[in-house]
Amino acid sequence: MRRRSGGQPVGRSPAPELPAASTAPLTAGPPDRLAAPDADRVNVLLVDDQPANLLALEAMLQGLGQNLVQAGSGREALKWLLTHDAAVVLLDVKMPDMDGFETATLIRERDKSRHTPIIFLTAADRTQTEAVRGYAVGAVDYLVKPVVPEFVRSKVAVFVELARKSELLRRQARLLQESEQAARELAEARAELVRDLEHKNRELESFSYAVSHDLRAPLRRIESFARAVQESQSERLDDHGRRYLDRVREASGQMLQLIDDVLYLSRVTRAETREQEVDLSSLVSLLLDRMGEAEPGRTVEIRVRPGITVTGDGQLLRIAIENLLENAWKFTGQQPAARIEFGMTHLSGEPTYFVRDNGAGFDMAYADRLFGPFQRLHLATEFPGSGIGLATVQRIIHRHGGRVWAEGSPGQGATFHFTIGRVRP
């Protein structure tokens, strides 16, 4: 077998003589790689027992830039086709031992080469009978030598292009199949994650139930017995004893409040969401009015930019805004001229909302602790609270595809910024 890639000649050794009954598959090496990768080329098989004819065919077809493979006999061609594909076979009719018609018949009997195009070339038989015989064994054309080179080249080019497009379609089908398999695997993995998440949610529900009932009950008993001792044995207790009982009741109350806060944070995280239009400006004004009614003795300057609306879950956003405003209201409590502002700006082209106050502020070195559950930057004796409010805000904003961050300085107030994307179920 002689093989040429892109029309460049390589050496050819005589094909070994094969026994007529031999069916052992013989392997042939891959086509030579030159300028273009083999994946972008197709094989054109030239079969003729005359080297001069093979060279002439090469000269006609080398401009196509494909892999030109030479076979000096029908058996050599059949051997090569066992392990390779050809875009088209140019097959001489008159060859010793096995002629072109017999070779074509055997090519057609193999599943691998059943549909390979075959063009017969002959100089001896010019009768219509031979041409009909050629078409009968599956030829796509029957050419009589001498042939016009441009005519042969144009015919081969059609089959070359067809083979390349067929290979492209096979690759695309394979990629599509791989993509579909990957999609199925991804869907199965996602379904497994959903099942795992549902299982964990059920475990969380069970834990919440245990927290709600199993922990609350003993704490309530502690608080009840401490109150009973305080009421029934007050005259027998000295100041130290009464103070100790006060501490017990206070600690029990704090623990109950922490349990409530943990359950509240859990409910916010797992609550179902619903998109709707939310008027943040009206919501802020309403909440601040109610805070003012609860503490009529305070004077707070309120600035609310009107007309700010977003799309999100109204209930969750109300909880987030209320926590931010309560935070500002609490930390401006010691300011003689307190000020709370709600507005909107654009950062990097994205609408960004903010709640600003002139209260106690905080050290930016500890800003990363602000949104952690039960994280506090001020003493509870100065500003009461469990440290769950900002953690709740962060989870709600994250569920809306947004982000939240804060800026501040000690004694100069704080500004909480947040963005809102789309509600995440």
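Reader: How many salt bridges does a search of the whole structure find?

Author: The search finds 15 salt bridges. Keep in mind that this is a predicted model.

Reader: Which residue does Lys145 form a salt bridge with?

Author: Its partner is Asp92. The closest N and O atoms are 3.7 Å apart.

Reader: Where do the two lie, and what does the pair tie together?

Author: Lys145 is in the loop between strand 6 (141-144) and helix 5 (149-232). Asp92 belongs to strand 4 (residues 88-92). The pair therefore ties together parts that are 53 residues apart in sequence.

Reader: Lys145 and Asp92: buried or exposed?

Author: Both Lys145 and Asp92 are buried.

Reader: Switching to helix 5. What does Glu167 form a salt bridge with?

Author: Arg170 is one partner, with the closest N and O atoms 2.8 Å apart. The side chain of Glu167 also meets that of Arg171 in a salt bridge, at 3.4 Å from N to O.

Reader: How many residues separate Glu167 and Arg171 in helix 5?

Author: They are 4 residues apart, so about one helical turn separates them. Glu167 and Arg170 are 3 residues apart in helix 5, and that too comes to about one helical turn.

Reader: What is the relative accessible area of Arg170?

Author: Arg170 has 46%, so it counts as partly exposed. Arg171 is partly exposed at 27%. Glu167 is partly exposed as well, with 24%.

Reader: Which residues do salt bridges with shared partners join into one network?

Author: Asp48, Asp92 and Lys145.

Reader: OK, sheets. What is the strand order in the open sheet of 5 strands?

Author: The order is 8-10-11-13-12. The pairing is mixed.

Reader: Which strands stand at the edges?

Author: Strand 8 (300-304) and strand 12 (404-408) do. Each has a single partner strand, so one side of each is left without a neighbour in the sheet.

Reader: By how much are neighbouring strands of this sheet turned against each other?

Author: By 20° on average, with direction ignored.

Reader: How many bridges join strand 10 to strand 11?

Author: There are 8 bridges between strand 10 (residues 338-347) and strand 11 (residues 350-357). The two run antiparallel. One bridge pairs Ile340 with Asp357 of strand 11.

Reader: And the hairpin of strand 10 and strand 11: how many residues are between the strands?

Author: The hairpin has 2 residues between its strands. Ser348 takes a positive phi there, near 55°.

Reader: What about strand 11 and strand 13, parallel or antiparallel?

Author: Antiparallel, over 5 bridges. Strand 13 covers residues 414-418. Asp357 turns up again here, with Ala414 as its bridge partner in strand 13.

Reader: On to packing. Which residues touch the most other members of the largest nonpolar core?

Author: Leu280, Ile321, Leu325, Phe342, Phe416 and Phe418. The core holds 38 residues.

Reader: Which elements give two or more residues to this core?

Author: Three helices do: helix 7 (280-294), helix 8 (314-331) and helix 9 (389-399). The strands are strand 10, strand 11, strand 12 and strand 13. Helix 8 gives the most, with 9 residues.

Reader: What does Phe418 touch?

Author: Its contacts include Leu280, Ile321, Leu324, Phe342 and Thr352. Tyr353, Phe354, Ile397, Arg403 and Val404 are also among them. Residues up to four places away in sequence are not counted.

Reader: How many residues are in the other core?

Author: That core has 23 residues and lies apart from the largest one. Trp80, Met98, Ile107 and Ala139 are among its members.

Reader: Glu272: where is it found?

Author: Glu272 sits in the loop between helix 6 (239-270) and strand 7 (276-279). At 76% relative accessibility, it counts as exposed.

Reader: How far apart are Glu272 and Asp313 in space?

Author: They are 9.1 Å apart, C-alpha to C-alpha. In sequence they are 41 residues apart.

Reader: Last, the chain overall. How many helices and strands?

Author: The chain has 9 helices and 13 strands. Buried residues make up 38% of its 425 residues.

Reader: How much area does the chain expose?

Author: About 24200 Å², with carbon and sulfur atoms supplying 53% of it.

Reader: And what share of contacts with a separation of 6 or more comes from residues 24 or more positions apart?

Author: Those residues account for 68% of such contacts.

Technical notes
Residues numbered from 1 in each chain as written. Predicted model: local features only at pLDDT ≥ 70, side-chain atom pairs only at ≥ 80, totals over all residues. Heavy atoms only, no water. Pairing = 2+ DSSP bridges. Axes fitted to C-alpha atoms, helices over the stretch in contact; angles between N-to-C directions. Buried < 20%, exposed > 50% of the residue type's maximum accessible area, 1.4 Å probe, protein only. Salt bridge = Lys/Arg side-chain N within 4 Å of Asp/Glu carboxyl O. Contact = heavy atoms within 4.5 Å. Areas by Shrake-Rupley, 256 points an atom, 1.4 Å probe, with all protein chains shown as cover. Core = buried A, V, L, I, M, F, W, Y, C linked by side-chain atoms within 4.5 Å.
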